[in-house]
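Student: Could you take me through one part of this structure slowly, and explain each term as you go? I would like to see how that part fits with what surrounds it.

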Amino acid sequence: MALAGPVLGHLDPEFLRVLDDTNDRLRQVFRTSNALTLPVSGTGSAGMEASFVNFVRPADPVVVGVNGVFGERMCEVAGRLGADVIRVDARWGEPIDPQRLLSAHPAPAIIAVVHAETSTGVRNDIGPLGRGKGDALLLVDMVTSLGGIPVAVDEWSVDIAYSGTQKCLGVPPGLAPLTVSPRALDRLVERPSSWYLDLNLLARYVNDGSGGGRVYHHTAPVAMVAALRAGLGVLLDEGLEAAQQRHAECGRLLQEGLVGLGLELLVASESRLPQLTTVRVPAGLDEASCRRELLCSYGIEIGAGAGQLAGQVWRIGCMGHTARRRNVLALLGALKEVLGR
């Protein structure tokens, strides 16, 4: 209903109130008091780009944890900015040892890692990185974690974090929630290579700290901001802990059911995400045909493997409003029939 409401101007006082309220709600969900917290215009990948382009200078040593597609993408983005990228790789399907990230370089400018790796279903531990980062900025991808598993930006000493709307927040894709610590703001690149994602300019539009009014930057996607505000309201009304528990219960039910069908899960239980489950495709099975039958005959879509895991796993998302017991049971029943088990 919020998405379909009347379209306001991006400088309309009523819309600016919606934007401010959205930013306040994002602070609650990120668990931060960061003044610069905003929805970046673009999907989660725009959040990634904004996070790097505003803080990486040529030749900066940037340590990146890589155990999936989105760690690989971090390396690509940082490399295009001229960073000295120091990769810390782990086997896809396994978490990264935080100590390996902390010891990879004696004085990194940035340590970057994906909290919930969407391509593998692995959760990486963030708390130890914040405690041991030293002078480095800690940059965290929270696209698939925000709203689904515990996130604590301030408690973990995360300096830059970004997310997406279409995962556990249950909002259509199109915005990238972003939060930046005061410590990170002191290290903003004065003139980033991207004008559109320049936080120096965006801050003058989303924040009116001086009382002198907003400075136009670009036309904000007003309907998407209204939708995000509504989605965050639903999440906060339910309660962050209650929503996380709902995701946890649905993940457990799904994973136990898949094992009950004789399928093998990729990730060990101690680092497995509840909201994104990777299951190995049985040997000799035409996995694309199975996914097609699920979609066409049962109206259920599951994801294919990505990157190194293409053709080897299915990725089953159970996020946001879709994280419901009835959806899990429907999938398990349909998959049993498709597999003939």
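**A close look at strand E2**

Tutor: Let's begin with one residue: Val62 stands opposite Ile110 in strand E4. Before going on, please note that this is a predicted model, in which local features need pLDDT of at least 70 and side-chain atom pairs count only at pLDDT 80 or more, while totals for chains, interfaces and linings use all residues. Residues are numbered from 1 along each chain as its sequence is written, and side-chain values use heavy atoms, with hydrogens and water left out.

Now some vocabulary. Helices (H or I, at least four residues) and strands (E, at least two) are DSSP runs, numbered from the N terminus. Strands of a sheet pair through backbone hydrogen bonds, either parallel or antiparallel. Here, two strands count as paired if DSSP finds at least two bridges between them.

With that in hand, look at the neighbours of E2. E2 and E4 (residues 110-114) run parallel and are joined by three bridges. Strand E3 (residues 84-89) also runs parallel to E2, and six bridges join these two. Val62 has a bridge partner in E3 as well, namely Val85. Further along, Gly65 stands opposite Val88 in E3.

Is E2 enclosed or open to the outside? "Buried" means under 20% relative accessible area, "exposed" means over 50%, and "partly exposed" lies in between (1.4 Å probe, protein chains only). Six of the six residues of E2 (residues 61-66) are buried, so the strand is largely enclosed by the rest of the structure. Pro61, Val63 and Gly65 point one way, Val62, Val64 and Val66 point the other way, and all of them are buried.

Next, follow the chain out of E2. E2, helix H3 (residues 69-80) and E3 make a right-handed β-α-β unit. Right-handed means that, with the strands pointing away from the viewer, the path from the first strand over the helix to the second runs clockwise. We can check the length of H3: the expected span of a helix is 1.5 Å times one less than its number of residues. For the twelve residues of H3 that gives 16 Å, and the end C-alpha atoms are 17 Å apart, which agrees. In H3, Val69, Gly71, Met74, Cys75, Val77 and Ala78 are buried. After H3 comes Gly82, whose phi is positive, near 85°.

Now step back to the whole sheet. Seven strands form an open sheet in the order E1-E9-E8-E7-E4-E2-E3, with mixed pairing. E1 and E3 are the edge strands, each pairing on one side only. Neighbouring strands of this sheet are turned by 20° against each other on average, direction ignored. For such angles, axes are lines fitted to C-alpha atoms (for helices, over the stretch in contact), and angles run from 0 to 180 degrees between N-to-C directions. H3 packs on the sheet, touching E2, E3, E4, E7 (137-141) and E8, and its direction makes about 160° with that of E2. Touching, or contact, means heavy atoms within 4.5 Å.

Let's visit the edge strand E1 (residues 36-41), where six of the six residues are buried. Leu36, Leu38 and Val40 cover one side and Thr37, Pro39 and Ser41 the other. E1 pairs with E9 (residues 175-180) in the antiparallel sense over six bridges, and Leu38 stands opposite Leu178. Helix H7 (residues 199-206) lies across E1 and E9, running at about 105° to E1.

Two loop residues finish the tour. Asn34 is in the loop between helix H1 (13-30) and E1, and at 4% relative accessibility it counts as buried. A polar atom of the Asn34 side chain lies 3.5 Å from the backbone oxygen of Val180. This is a polar contact: a pair of N or O atoms within 3.5 Å, where within protein one must be able to donate a hydrogen and the other to accept it, and residues adjacent in sequence count only if both atoms are side-chain atoms. Ser163, in the loop between E8 and E9, counts as buried at 0% relative accessibility. The side chain of Ser163 reaches the backbone oxygen of Met142 at 2.9 Å.
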